[in-house]
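Colleague: Pick one spot in this model and zoom in on it for me. After that, work outwards to whatever holds the rest of the fold together, and take your time over it.

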Amino acid sequence: MIEARHLRVLRAVATTGSFSAAARDLGCTQPAVSQQMKALESSTGTPLLIRTGREMRLTQAGEALVRHASGILAGLTAAEEEVAAIAGLRAGRVRLVSFPSGSSTLVPGALAALRAAHPGTRVSLVEAEPPRSVEMLRDGDCDIALAFRYGVTGGEWDDLVVRPLLADRLIGLVPEGHRLAGADSVGIGELADEPWIAGCPRCRRQLVEVCEASGFTPRIDFATDDYPAVIGLVGAGLGVAVLPELAIESVRPKGARTVMVEPAVEREIVALTLPDLARVPAVAATLDQLSLAAAR
């Protein structure tokens, strides 16, 4: 019989590439990892790892088992949480991953409301941009991923439960002394000759597509994933930028002015989870609070 703890160890070994690194990740000893891997190979009746010096490689059977492990472990987590709720326990655990501007705007209000309604529910938060956050969800490393996308890509999230939250418009940023600082709205083509400061890779890609659709390629002088850094660079007069409205809400744009940019471009903000996890009471309650926070 294959045990869940053995699958967790196998996945850790496959991810880290060694028993010692897996032991550090799991908070146990290297001999314990080795023993559990031997027990798993005994249960399956076939080798799962090939050891060549210090290198560790999966056999074909090992690759197959790792491929199924995330879904199996997610299903077990869902079963444990659902059974606990049915048994009358009011404790729950939710692992949330969010992109930075979501962490500073949507998440605080949602988690405060969740704590008030369900004080026994514990929520942990780490930050990651999509597509990394979506990979973490599929790998079983979180229960909910707060993510965004520009336009709908067919099949991108078909295997996930998608809770739409809001449409987040891109807003222009120019230095206070800029010729367009007092404008109500600006055609993006009016910024064609400006130096640009770009944000995260996905936002950067969208910026280039929007500019090229307006007949020019932006000259990107600076690129950073840190939204306060983007705003600081604009405020220092080093260029212009477009940022999601949520990102501007989370940082006071000192030295910079916001302008509406035409044509309007929006990113879709969503909360994602796995179908099994969507039935877990603590996960469902967190999704509900994220929806309420987005509607405020």
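Modeller: Let's start at Arg8, and bear in mind throughout that this is a predicted model. Leaving aside residues up to four places away in sequence, Arg8 touches Leu26 and Leu73. Arg8 itself sits in helix α1, which covers residues 4-16. Is it buried or exposed? Neither, quite: its relative accessible area is 34%, so it counts as partly exposed, since that class runs between the 20% limit for buried and the 50% limit for exposed. For a sense of scale, take Leu48: it is 40 residues from Arg8 in sequence, and the two C-alpha atoms are 14 Å apart in space.

Now the helix around it. Going by 1.5 Å a residue, the 13 residues of α1 should span 18 Å, and the C-alpha atoms at its two ends are indeed 18 Å apart, so the two values agree. Which residues of α1 are buried? They are His6, Leu7, Val9, Leu10, Arg11, Ala12 and Val13. Arg8 is missing from that list, which fits its label of partly exposed. When you look at the list, remember that an α-helix has 3.6 residues a turn, so residues three or four places apart point the same way. Just past the end of α1, Gly17 takes a positive phi of about 90 degrees.

One of those buried residues leads on to the packing. The largest nonpolar core has 70 residues, and the ones with the most contacts inside it are Ile144, Leu146, Leu165, Trp196, Leu243 and Leu272. Its largest share, six residues, comes from helix α11 (residues 281-295). Val13 from our helix isn't part of that: it belongs to another core, which lies apart from the largest one, has 18 residues, and includes Ala22, Val33 and Leu40 as well. As a general point, nonpolar side chains in soluble globular proteins tend to be buried together.

Next, the strands. Strand β6 (residues 161-175) is a good one to follow. It runs antiparallel to strand β12 (residues 266-273), with eight bridges joining the two. It is also antiparallel to β11 (residues 256-262), through five bridges, and to β10 (residues 241-244), through four. Gly172 is worth clicking on: it stands opposite Val242 in β10 and also opposite Val259 in β11. A little further along, Val174 has Arg257 of β11 as its bridge partner. β11 has another neighbour too: three bridges join it to strand β7 (residues 185-187), and here the strands run parallel. Within that pairing, Val186 is the bridge partner of Val261.

Back on β6, Asp168 stands opposite Arg267 in β12. The side chains of these two also meet, in a salt bridge of 2.9 Å, N to O. One end is in β12 and the other in β6, so this pair ties together parts that are 99 residues apart in sequence. Both Arg267 and Asp168 are buried. There is also a network in which salt bridges with shared partners join Arg149, Glu156, Arg202 and Glu268.

The structure holds 15 salt bridges, and two more are worth a look. Arg163 and Asp288 meet through their side chains at 3.2 Å, N to O. Arg163 is in β6 and Asp288 in α11, so parts 125 residues apart in sequence are tied together. Both ends are partly exposed: Arg163 has a relative accessibility of 26%, and Asp288 one of 39%.

The other is Arg138 with Asp159, again a side-chain salt bridge, at 2.9 Å, N to O. This pair links distant parts of the chain, 21 residues apart, with Arg138 in helix α6 (residues 132-138) and Asp159 in the loop between β5 (144-149) and β6. Arg138 is partly exposed, at 32% relative accessible area, and Asp159, at 41%, falls in that class as well.

Definitions and conventions:
Residues are numbered from 1 along each chain as its sequence is written. This is a predicted model: local features need pLDDT of at least 70, side-chain atom pairs count only at pLDDT 80 or more; totals for chains, interfaces and linings use all residues. Side-chain values use heavy atoms; hydrogens and water are left out. Buried means under 20% relative accessible area, exposed over 50%, partly exposed in between (1.4 Å probe, protein chains only). Contact means heavy atoms within 4.5 Å. The expected span of a helix is 1.5 Å times one less than its number of residues. Two strands pair if DSSP finds at least two bridges between them. A nonpolar core is a set of buried Ala, Val, Leu, Ile, Met, Phe, Trp, Tyr and Cys residues joined through side-chain atoms within 4.5 Å. A salt bridge is a side-chain nitrogen of Lys or Arg within 4 Å of a carboxyl oxygen of Asp or Glu.
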